[in-house]
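User: Please take a close look at the interior of this model. I am a first-year student, so explain each term as you use it.
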Amino acid sequence: MTLTANWSYPTAIRFGAGRISEIAEACAAAGITKPLLVTDKGLADLPITQNTLELLTTAGLGRAMFSDVDPNPTEKNAEEGVRMFRDGGHDGVVAFGGGSGLDLGKVIAFMAGQTRPLWDFEDIGDWWTRADAEAIAPIVAVPTTAGTGSEVGRASVITNSDTHEKKIIFHPKILPSVVICDPELTVGMPPAITAGTGMDAFAHCLEAYCSPHYHPMSQGMALEGMRLVKDNLLTAYEYGTNLTARAHMMSAAAMGATAFQKGLGAIHALSHPIGAVHHTHHGTTNAVVMQQVLMFNRPKVRKHLARAANYLSISGGFDGFHRFVGDLNTKLNIPKNLTELGVKDPNIDALVASALQDPSVGGNPVKMTVKNTTDLLETCL
């Protein structure tokens with residue numbers, strides 16, 4: 001089955017196998033003549049990255065790359081990237097990779113023309129209006145995983161290296177102008193990363209679907225995104241070269257990131273501080289706490305998830321949905337708890353305090369307090 005399409009989000013999405021060949025056209029469409037490719041350290045020397053640089057070079061767009069990107073990118077990474085962007089006279093960014101490369105690439109394009117510090121643009125109230133919108137450089141996004149959906153997002157998650165808190169930097173204009181979703185770029189993902197990023201996409205869809213806020217368009221997208229993950233993640237995990245499954249997972253990732261405009265919840269409120277302090281993989285952390293959060297929210301989402309289970313052909317209503325998540329985690333070899341994930345001697349009080357400050361808290365169906373969040377976190381350890 002060949003899946004190829006052009007979509008408008010308003011981001012222009014070029015979807016299909018082999019479409020990385022259109023990277024120069026994508027830059028031209030975004031108005032970029034001298035791009036800086038931003039990716040992470042692990043991807044920098046891989047053939048998919050070097051091939052993309054070669055395509056840019058052949059098209060006369062130069063061969064510049066910034067790859068000093070941590071797994072949880074920090075403001076220090078952003079400062080170094082902005083310096084390279086300015087010193088090189090670049091006029092746009094090709095954000096290339098998983099969530100870390102995409103998030104940092106977007107922030108570099110955003111901050112290159114700003115005079116205020118990064119934390120002045122945290123996603124609080126109308127802080128985004130502090131930015132000089134005309135100084136934001138255009139962005140072409142190229143995801144190489146299928147999970148975060150950052151390629152269709154208006155925000156980036158950046159870790160404060162001093163406080164070890166994950167902060168959300170938001171501006172409508174850091175939504176990439178053009179996206180290339182090429183499933184061939186995800187074929188090389190190790191099974192563990194396929195699993196973790198795939199469960200990140202599922203978490204986005206699940207939490208958006210359960211959020212109490214009103215957004216029926218996001219609601220429908222979240223439900224169909226969950227179906228795509230249910231039907232394709234295990235295939236992508238077990239048969240990594242299956243391009244149909246890989247393509248459907250890329251769609252699910254973009255759908256989840258679009259759907260969570262409706263809100264996220266306790267899964268992300270917990271995983272953000274855990275990842276920032278203990279350096280765990282974000283999507284895998286989401287998967288580890290997912291069943292416990294479902295039980296935490298059960299009084300508010302039982303009937304809601306019973307309807308979702310029916311759509312997803314999962315028998316047993318809420319309880320069947322809960323079992324499905326556990327069974328999928330087992331088949332994907334997800335750690336059974338946070339301790340097994342590598343969270344050792346956690347400062348529970350500090351993690352709870354950070355979780356309750358996370359923007360995701362407001363989208364959780366059950367109000368999160370110090371007491372119930374502490375109890376929830378302890379069940380995850």
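Analyst: What follows starts with empty space, then turns to rings, cysteines and charged side chains.

The model is predicted, so local features need pLDDT of at least 70 and side-chain atom pairs count only at pLDDT 80 or more, while totals for chains, interfaces and linings use all residues. Residues are numbered from 1 along each chain as its sequence is written, and side-chain values use heavy atoms, with hydrogens and water left out.

Rolling a probe the size of a water molecule over the atoms shows where empty space is left. On a 1 Å grid over the protein atoms alone, a cavity is a set of points where a 1.4 Å probe fits but cannot get out, and a pocket is an open set with protein on both sides within 12 Å along at least five of seven lines; lining residues have an atom within 4 Å of a point. A volume is the space filled by probe spheres set on the points, which are joined across faces, edges and corners.

The structure holds two cavities of 30 Å³ or more. The largest cavity has a volume of about 80 Å³. It is lined by 13 residues, and those closest to its centre are Leu206, Glu207, Cys210, Val293 and Asn297. Two elements, helix 5 (191–210) and helix 9 (282–311), give two or more residues to this lining. (Helices are DSSP runs of H or I with at least four residues, strands are runs of E with at least two, and both are numbered from the N terminus.) By residue type, the lining of the largest cavity divides into seven nonpolar, five polar and one charged. Here Ala, Val, Leu, Ile, Met, Phe, Trp, Tyr, Cys and Pro count as nonpolar, Asp, Glu, Lys and Arg as charged, and the others, Gly among them, as polar.

The second largest cavity has a volume of about 50 Å³. Its lining is made up of Ala146, Met189, Thr194, Thr197, Gly198, Leu233, Ala236, Arg246 and Met249. Helix 5 appears again here, together with helix 6 (216–238) and helix 7 (243–259), as an element that gives two or more residues. With three residues, helix 5 gives the most to this lining. The lining of the second largest cavity divides into five nonpolar, three polar and one charged.

Helix 5 also takes part in a ring contact. Rings of Phe, Tyr and Trp (its six-membered ring) pair if their centres lie within 6.5 Å; planes under 30 degrees apart count as stacked, over 60 as edge-to-face and the rest as tilted. There are five aromatic pairs in the whole structure. In one of them, the ring centres of phenylalanine 202 and phenylalanine 321 are 6.1 Å apart and the planes are at 20°, so the pair is stacked. Because phenylalanine 202 lies in helix 5 and phenylalanine 321 in helix 10 (residues 317–331), the pair ties together parts that are 119 residues apart in sequence. Both phenylalanines, 202 and 321, are buried; buried means under 20% relative accessible area, exposed over 50%, and partly exposed in between (1.4 Å probe, protein chains only). Ring pairs link Phe202, Phe321 and Phe324 into a cluster.

Cys210 was named in the lining of the largest cavity. With 10% relative accessibility, cysteine 210 counts as buried. A disulfide is a pair of cysteine sulfur atoms within 2.5 Å, and the count of disulfides is zero. For cysteine 210, the closest cysteine sulfur is that of cysteine 205, 11 Å away and so too far for a bond. Cysteine 181 also has cysteine 205 as its closest, but at 14 Å, again too far for a bond. Cysteine 181 is buried, at a relative accessible area of 2%.

Charged side chains come last. Side chains of opposite charge can pair when their charged atoms come close. A salt bridge is a side-chain nitrogen of Lys or Arg within 4 Å of a carboxyl oxygen of Asp or Glu, and the structure holds 14 of them. One joins aspartate 120 and arginine 116, at 3.0 Å from N to O. Aspartate 120 is buried, with 19% relative accessible area, whereas arginine 116 is partly exposed at 36%. Another joins lysine 167 and glutamate 165, whose closest N and O atoms are 3.7 Å apart; lysine 167 is buried, at 17%.
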